[in-house]
Every structure is written in C-alpha cells, then in structure tokens.
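Open the model in a viewer and keep the selection panel at hand. The stops below go from the ligand outward to single residues.

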Amino acid sequence: MPPASEHQPGDRSNDGGPFLTVRVLVTGAGGFIGHHLVTYLKERGYWVRGVDLKYPEYTEVDADEFEILDLRRWDNCLQAVRGVDQIYALAADMGGMGFISSNHATILRNNALINLHTMDAARIEGVERYLYSSSACIYPDYLQQNADVKPLREEDAYPANPQDAYGWEKLVSERLAEYYHAEFGMETRIVRFHNIFGPYGTYDGGREKAPAALCRKIAQVSDGGEIEVWGDGEQTRSFCYVDDCVEGIYRLMQSDHRHPLNLGTDRMVTINELARIIMTVAEKPNVRIRHIDGPQGVRGRNSDNSRLREVLGWEPGTSLEDGLVPTYRWIEERLTGRTSTVSVREVAAPVS
Ligand code: NAD
C-alpha cells in the first residue's frame, strides 16, 4: 500500500481490507461527537484525518493525521479536504442553551462560514460523500410549546421558525447540502441530532449541555445537598447515547438517503426526571432540586423515529439509564479524581 500521502481519491487498491484506502475527514474531531466518531472509524479500518481548532481535551488523538485549522477560513478548508473521499462535517461553534441563547450573531456568522467554505472546498476536491450534522434545533418554535409535545417528523421543519440563530444556520446549511447534490451531484447526507450525551464531552465552562451539567452538579454535592435547575424542570427532551449516535451517522453515510434524518431516541423525559435518574446512578437519592431562572429552550421536544427505522432499519438501542452510568462515572472521576474499577466501554454495554 502506498504511504498515505500518495493516495489519490477514488483509489480503492489495497491489500489490507475493504476500507483501508478510504480516506475520511472528520471536522470538529477535537469535539465530543467528532472524537468518538474518529475512534469508531479507526476501529473499522478507515484512514482518518481530524481537523479542529483544538485537540481532543480528554483523550489521545486516534486519527492518522490531526490538523489544527480554523475552518471559517477558505484556505484552511482547501487544506483540510485535500485527498479525502468522504467528509463527516461536525465542526460548529455550539454549546448548551446558555450559550446558544445568547450568542446569536457569533454563532450564525461562524457556522455559516465553516459550512459554506467546507462544502465548497469538498466540491472542488471532488469528495464523494459529505455528511452534514444538523440539529433538532431547526424545528419550529410553534410546534414545541408544550411539554407533552408531538414527536417531530422530518417534514415538520417547514414552515420554518427555529428558536435561535443556531437553528436557522443549521437549516440553511441543510438546504445547501441538498442543493449541492442537485446542482453538483455531490452525495450529501444530513443528520438531525437530538441531544447526544456520553463521556468525553464538555461538562463545565458554559458550553455544557443538560445531561453533563446535571452530572457535574450531582457529583459535586453530597447526598441530601441541593442542585440548581433552570426553569421548573418540567421541560422535556429525548436523549441519545453517543455510541448510538456514531453508529447512526455511519449507517446514514453508507445509505442512499439524501434528505434530513432524525437521529435520537423517542423516549421523552423531563429535566427533573433526568436529574432523578442521574441521582440514582450516583447513589444520591436525597439530592434536592432548586429551580431558578435560566434559559430553557423550547418547552418540549421529542424525535419521531419512523423515518429513521424505515431508512436505516435501525434505531438507537442504549437506554438513558445505561448511557448515564459511564457518563456520570467519567464526570465524577474528572471532578473528584476517584477512579472507577470498570472502564467506560465496559460500563456502556447495555445491562439487558
Ligand atoms: P462540540 O462543540 O464538542 O464539537 C464541535 C467542534 O467544532 C469543537 O471541538 C470546536 O472546537 C470545533 N470548531 C468550532 N469552530 C471551529 C472552526 N472555526 N474551525 C474548526 N473547528 C471548529 O460539539 P458536538 O456535540 O461534538 O457536536 C458536533 C456537531 O453536532 C455540531 O455540528 C453540532 O452543532 C451538532 N449537534 C450536536 C448535538 C449534541 O447534542 N451534541 C445536537 C445537535 C447537533
């Protein structure tokens, strides 16, 4: 096999397995999902380049190459895509509700630049497949005003009215991906994630999302202590474990489905219920919740997985309880230095 640098896109000659010469770029590979995806692709024999503004914060780099590049810049995008066959485009300026609800112009500008430039660089390079990571945040505000919300189907995105600039930008970039297929023939895939959680994700600093923030708060109090939750805690969401997320993205990339697809679970829980499950995992059943003012996002959100099942013949299988065990243990270890006797991968195996 030639050295990696001599490979040409489309060259499938190899002597070591079906995927060895497929070269993949993961953008946002220093982030939460991107890092897990790189590990997953390496385990399947792909050659992987990771690109991000930063290295993974909590683990070693698994990628064959890792480049620190700001993908808002056109010249950096051309550098990032060189010689690759497939791109999983995960890079985004993002965070939990606290960040998303208060940085609209910054988020819209940064993410639009990243996606416009990365997708066009991919076109110029002749990249065969391009997966764009969208979000459940594209769904209209008017369908998510009750906690007991009807699960959101892909076609519910229109008439559009996302709550935040983050969602508006995702919606435009979804359209961009569909237009790049229609006009240039690029094989584009579009996934709408619904609240992904798991170990090795941001858990403090202001960009953390609800599951990681609650794990941190509960790890930091003793049983009988008190944690704060934004709003009345009766807002609802569904949550998807990160191993299922990367499996789903991979399956979507192999499929021939070019339209947006939900990727999440369809089990809706309130934020209070989520906190209670984490307390059980933490063996701190007596932690009290104090509700305070704070950004809550939409009142209710759930994924309709009908199309996911139809297109992929699969849906996420890890329960919230099973996924929260490794998530909580990992955050607790980071905060307290206490080590668990089981590894994250062992704990993540479903118990039933
Ligand atoms: P993350 O913040 O952990 O990862 C995103 C990565 O993009 C970060 O490492 C960040 O440094 C990088 N990035 C930001 N600006 C960049 C730039 N200019 N150039 C290069 N890299 C840049 O987030 P994540 O949870 O791993 O999310 C991955 C993707 O999935 C994002 O597009 C996000 O919008 C989308 N998404 C995630 C969720 C979720 O629940 N985690 C839900 C919906 C959508």
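Start at the ligand. The residues of its shell fall into three classes: 11 are nonpolar, nine polar and six charged. This is a predicted model, and the shell in it consists of 26 residues. Select G28, G31, I33, A92 and S135 to show the closest of them. Then colour α1 (32-43), α4 (104-125) and β5 (129-135), the elements that each supply two or more residues to this shell. Which element gives the most to the shell around the ligand? That is α1, with three residues.

Next, the sheet. Show the strands in the order β3-β2-β1-β4-β5-β6-β11: these seven form an open sheet with parallel pairing. At the edges stand β3 (65-68) and β11 (261-263); each has a single partner strand, so one side of each has no neighbour in the sheet. From one strand to the next, the twist averages 20°.

Stay in the sheet and select residues 86-89, which are strand β4. β4 pairs with β5 in the parallel sense, over four bridges. Within this pair of strands, Q86 is opposite R129 of β5.

Now add helix α2, residues 74-81. Helix α2 lies across β1 (23-27), β2 (47-52), β3 and β4. Relative to β1, helix α2 runs at about 145°.

Move to the nonpolar core. In soluble globular proteins, nonpolar side chains tend to be buried together. Here the largest nonpolar core has 91 residues. Select V24, I87, Y130 and I278, the residues with the most contacts inside this core. Which residues is I278 in contact with, leaving aside its neighbours within four places in sequence? They are L214, C215, I218, L324 and Y328.

From there go to helix α8, residues 271-282, and select N272 in this helix. Is N272 buried, exposed or partly exposed? N272 counts as partly exposed because it has 16 C-beta neighbours inside 10 Å, where 20 or more would make a residue buried and 12 or fewer exposed. Not counting residues up to four places away in sequence, N272 touches G233, E234 and I289. Draw a C-alpha to C-alpha distance from N272 to I227: the two are 11 Å apart in space and 45 residues apart in sequence.

The last stops concern backbone geometry. Most residues other than glycine have a negative phi, and most peptide bonds are trans. Three places in this model can be inspected with that in mind.

- Select Y158 and P159: the peptide bond from Y158 to P159 is cis, with omega near 0°. P159 is in the loop between β5 and α5 (165-184).
- Select Y200, which is not a glycine yet has a positive phi of about 65°. Y200 sits in the loop between β7 (196-197) and α6 (210-220). Y200 is buried, because 22 other C-beta atoms lie within 10 Å.
- Select E283, also a residue other than glycine with a positive phi, near 55°. E283 belongs to the loop between α8 and β13 (288-292). E283 is exposed, because 7 other C-beta atoms lie within 10 Å.

To finish, show Y200 and E283 together. Y200 is buried, whereas E283 is exposed.

Methods. Residues numbered from 1 in each chain as written. Predicted model: local features only at pLDDT ≥ 70, side-chain atom pairs only at ≥ 80, totals over all residues. Core = buried A, V, L, I, M, F, W, Y, C linked by C-beta atoms within 7 Å. Contact = placed C-beta atoms within 7 Å. Near = placed C-beta within 6 Å. Nonpolar A, V, L, I, M, F, W, Y, C, P; charged D, E, K, R; others polar. Pairing = 2+ DSSP bridges. Axes fitted to C-alpha atoms, helices over the stretch in contact; angles between N-to-C directions.
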